[in-house]
Amino acid sequence: MGIRFILMVNKQGQTRLAQYYEWLTLEERRALEGEIVRKCLARNEQQCSFVEHRNYKIVYRRYASLFFLVGVDNDENELAILEFIHLLVETMDRHFGNVCELDIMFHLEKAHFMLEEMVMNGSIVETSKANILSPIQLMDKAS
Amino acid sequence: MKEYIIRLVYVEMLGHDASFGYIHAVKMIHDDSLLVKRTGYLAVTLFLNEDHDLIILIVNTIQKDLKSDNYLVVCAALNAVCKLINEETIPAVLPQIVELLAHPKEAVRKKAIMALHRFYQKSSSSVSHLVSNFRKRLCDNDPGVMGATLCPLFDLITNDVNSYKDLVISFVSILKQVAERRLPKAYDYHQMPAPFIQIKLLKILALLGSSDKQASENMYTVVGDIFRKCDSSSNIGNAVLYECICCVSSIYPNHKLLESAADAISRFLKSDSHNLKYMGIDALGRLIKISPEIAEQHQLAVIDCLEDPDDTLKRKTFELLYKMTKSTNVEVIVDRMIDYMNSINDNHYKTEIASRCVELAEQFAPSNQWFIQTMNKVFEHAGDLVNIKVAHNLMRLIAEGFGEDDDTADSQLRSSAVESYLHILGEPKLPSVFLQVICWVLGEYGTADGKYSASYITGKLCDVAEAYSNDETVKAYAVTALMKIYAFEIAAGRKVDMLPECHSLMEEFLASHSTDLQQRAYELQAVIGLDAHAVESILPSDASCEDIEVDKALSFLNDYIQESIEKGAQPYIPESERTGMLNISNFRNQDHHEASSHGLRFEAYELPKQTVQARIPPASLASTELVPVPEAMYPRESYQTTTVPSVSSDAASTELKLRLDGVQKRWGRQTHFPSTSTSNSTSLKTVNGITQVDGSNTANSRTRETYDSRKQVEISPEKQKLAASLFGGPSKTEKKSATGHKSSKPSSHMVKSHAPKSSMEVASEKTSVQQPPDLLDFGEPTVKSTAPSLDPFKDLEGLLEPTTQVSSAVNHSSTAAVTKSPDIMGLYTETTAGAHHKDSDILSGLSKPPMTNMVGGTTTMQVAQSSKGPNLKDSLEKDALVRQIGVTPSSQNPNLFKDILG
């Protein structure tokens, strides 16, 4: 399965984007997000970017005010996931140009479309930025 | 409409229910506009799970969209297929998706593959005939499709390695091409050619090459190439390196590759980045299985990680230690684990680490004393999280002792256990499981060595029962322990005075709501009234591990049955023959049976006490409460009658009968059991009860037998080892690792190389003067047991004290460098038990308590800062807007928002 969920959370702990690759009820999600965010916010720069939580491993990375959190299985390559987060940010950066929290807030669907291109069934399927962005650009043109 | 739906997504994301709007999202997927349609699909995938009622409305639209001319529409539908199609609806879309595998657009092919992957995950049988398609797509012209195909292939290979061995060549050549930058530049990431595809391929190769020499040989060249080409200055390069190490440690070992892997690991561990250290520790844990000697080079780094304030890193290091535990270092490692266990609050992880401690202790315990002490610690700190079986093992170990014929050693073990438990009982709050063990041991052996008076022990037990008055299991254990102690006293011919608090306790229990407690209290009362001879046969001293034979056929009743039949009773009709017809036996007959069976019945429920309790604790206790009393008593009866046929001496039994009259009436109906003539429902149950119990009991004794035999097997090599230790050759048979002798060699040389550098030399010399045997035979942890000590626990403490003084003196004068070397010794050298303790003591003395508690405070600080964050400079107006959209503070962590919203 690999990736179980991807979250974007700001420093205040508000969720900005959530994508789960396994079904959790609303309450479970809320509890999980609360616990994880509290854990990750409490960590400092020197500590490593991986946190174990229940049966997940959380790989997180912070960009300005926004935290990117990816929950993975135990046998996933954490460092690769860390770089995957960066790839996601680079991709968004290319699309929005100097991406920030507000871009994701006001274009939530686009952020999701990019994720849909990159990750399917919890596996990374596409890493070429051109391939990820082309359908989104086409849709923009059409409408 | 699109905006509204996105706001609904927000509402759900922030944890509120938005189910009222789901139907609008479903409607939106019918829209003509591509953007709106795709947003609709997105919303339904976020809102609905695959078993939701609305899915049925979506399937039709998906089918239509899969046929669309616009490939973007097809892609949108395929995305939804991946999330929303469940097992039943797979056939509805499967044929169309198979067609799409040949679509001219690569994006569509890719998503179609992933849809099939999803179906495989859901139900592998539905796509089993399509596996060849995955192989075909692996050769797709488009690297994106090829990369995606690796995902389902990875799953397929995980489940069945052997049918894909033929693909090794293809995977290797793909990996080679990727590493040689034959893929389009678009897939490069930070100058690495398609790193994510490389990682996936390495994962697959690791699976295919595991314990397959031929397949592995094909991979050596390409993996070696990647090792060389990887840029170890970037994160992604290191990620690929890490995957290479994983691959190397999984495939058939190759010397050159192992060397490169070891190099990479040492680079990871030496790095300043905590992330790399983490990966290094993890990689070390993988490689150590193949080449255990590499651990030695990295001892310092590992110790550093263990001391690191970062919790994640520390856990990973414990995982590594767990993997490299041997009988020689188990004490240090388990001590460390327990220390760490005490410092954390996370129950999930605490349970895990406690069970690991138990596992290691059971597997590698150097001595029984150590095992008991360790178990005490584990129970004390994580008792409620430990499996109840562990407690029973501990009790059994104490009862059975070393498994040798050395009775004095056994009794020392027990008396030291009793002593430590009496000491521990002073602690304010103890977990229930641990209390059960304590009560049992105190009852069984509390007065055995005559050191403590019965009144002292019983006083303690009464305290326990009072202090934990809401835990019935503990109270039951305590009452039984009281009964045993009184029984031993009576049997020894001493007069018994019940303590006043014990009396009041009994009165309380006699009126208890729990039938189990009540029963035990009555039994206690009854036993106290008996004479010494009877009591001794009821509760013989130290008989808890004597086997109880159960006569399944109940042949001892044959005479009785004969007698009854002669008197006119009906013969027993098996249950199968009398189904349905409940003929009501006459009550006179019944009464008669009752009267004549008194002697039997009485013994039935007194004696089996110990065994019943020790072997089937809480479950059976619970059942006694639920089931009507007479039935619960039957098992004991069956034990009873067989166990102590000697009690059938007339004098004893009549006396028993007399005194127990009151009790008898409570359990009166149980006399149905021996009656063969009656066929009413009670006797039916009786029969069931007996057969069940017999089964479980034989099973018990069987396991005990195997346990015993295994023990003997374990012990004898240990003795041999003791002999061998004089010659310095370790011959320990270890279950887990065959690495014992490998590590002993380098470790002794470790001591030589490190110790002289430091002033530790002085210390080691000093200790060598004090206890020459310790240093002479490195590698033999059993030296201690050659000299039978009077009190094992005390003896350990005695060993500890002088050495700690010496070493602490050294510590004061030495620098940080010095402090390292004892650590290393503790973890890596095979030293004597005594030396071990010295080391571990230094360890615990030096390690700064790693309690960095950074929970609450910092977050609120961050919040205060964040409101001025650079990114939100112009956001004040937008912020108001945002809040209208629905970004409201969630009730979950209110203080996060306090600062901003006032």
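What share of the contacts in chain B with a separation of 6 or more comes from residues 24 or more positions apart? The legends below start there, and keep in mind throughout that this is a predicted model.

**Figure 1. Chain B, helix after helix.** The answer is 72%: that is how much of the contact count in chain B, at a separation of 6 or more, goes to residues 24 or more positions apart. On the secondary-structure side, chain B has 48 helices and zero strands. Chain B runs to 902 residues, and 56% of them count as buried.

**Figure 2. Cysteines without a partner.** Zoom in on Cys247(B), which is in no disulfide. Its nearest cysteine sulfur belongs to Cys244(B), and that atom sits 6.9 Å away. A disulfide would need the two sulfur atoms within 2.5 Å, so the pair doesn't qualify. The wider tally agrees, with zero disulfides over all chains. Is Cys247(B) buried or exposed? Cys247(B) is buried, at a relative accessible area of 0%. Cys462(B) is another one to look at: its relative accessible area is 0%, so this cysteine is buried too.

**Figure 3. Where chain A meets chain B.** Here 73 residues of chain A are in contact with 77 residues of chain B. Together the two chains bury about 7,100 Å² between them, and 58% of that is on carbon and sulfur atoms. If you want a few residues to pick out, try Gln12(A), Leu79(A) and Asn121(A): these supply 10% of the area that chain A buries against chain B, more than any other three residues.

**Figure 4. Charged and polar links across the interface.** How many salt bridges does the rule find between chain A and chain B? There are seven across this interface. One close-up has Lys111(B) and Glu117(A), whose side chains meet in a salt bridge at 3.5 Å, N to O. Polar contacts turn up as well, with 26 residue pairs across the interface, both residues at pLDDT 80 or more.

**Figure 5. What chain A brings to the meeting.** Several elements of chain A each supply at least two residues of the side that touches chain B, among them strand 2 (15–20), helix 1 (26–41), strand 3 (50–53) and helix 4 (108–118). Which element gives the largest share? That's helix 2 of chain A, with nine residues. Sorted by type, the residues on this side of chain A divide into 31 nonpolar, 21 polar and 21 charged.

Definitions and conventions
Residues are numbered from 1 along each chain as its sequence is written. Chains are lettered from A and ligands numbered from 1 in the order in which they are written. This is a predicted model: local features need pLDDT of at least 70, side-chain atom pairs count only at pLDDT 80 or more; totals for chains, interfaces and linings use all residues. Side-chain values use heavy atoms; hydrogens and water are left out. Buried means under 20% relative accessible area, exposed over 50%, partly exposed in between (1.4 Å probe, protein chains only). Contact means heavy atoms within 4.5 Å. Buried area is the accessible area (1.4 Å probe) that two parts lose on being put together, summed over both. A salt bridge is a side-chain nitrogen of Lys or Arg within 4 Å of a carboxyl oxygen of Asp or Glu. A polar contact is a pair of N or O atoms within 3.5 Å; within protein, one must be able to donate a hydrogen and the other to accept it, and residues adjacent in sequence count only if both atoms are side-chain atoms. Helices (H or I, at least four residues) and strands (E, at least two) are DSSP runs, numbered from the N terminus. Ala, Val, Leu, Ile, Met, Phe, Trp, Tyr, Cys and Pro count as nonpolar, Asp, Glu, Lys and Arg as charged, and the others, Gly among them, as polar.
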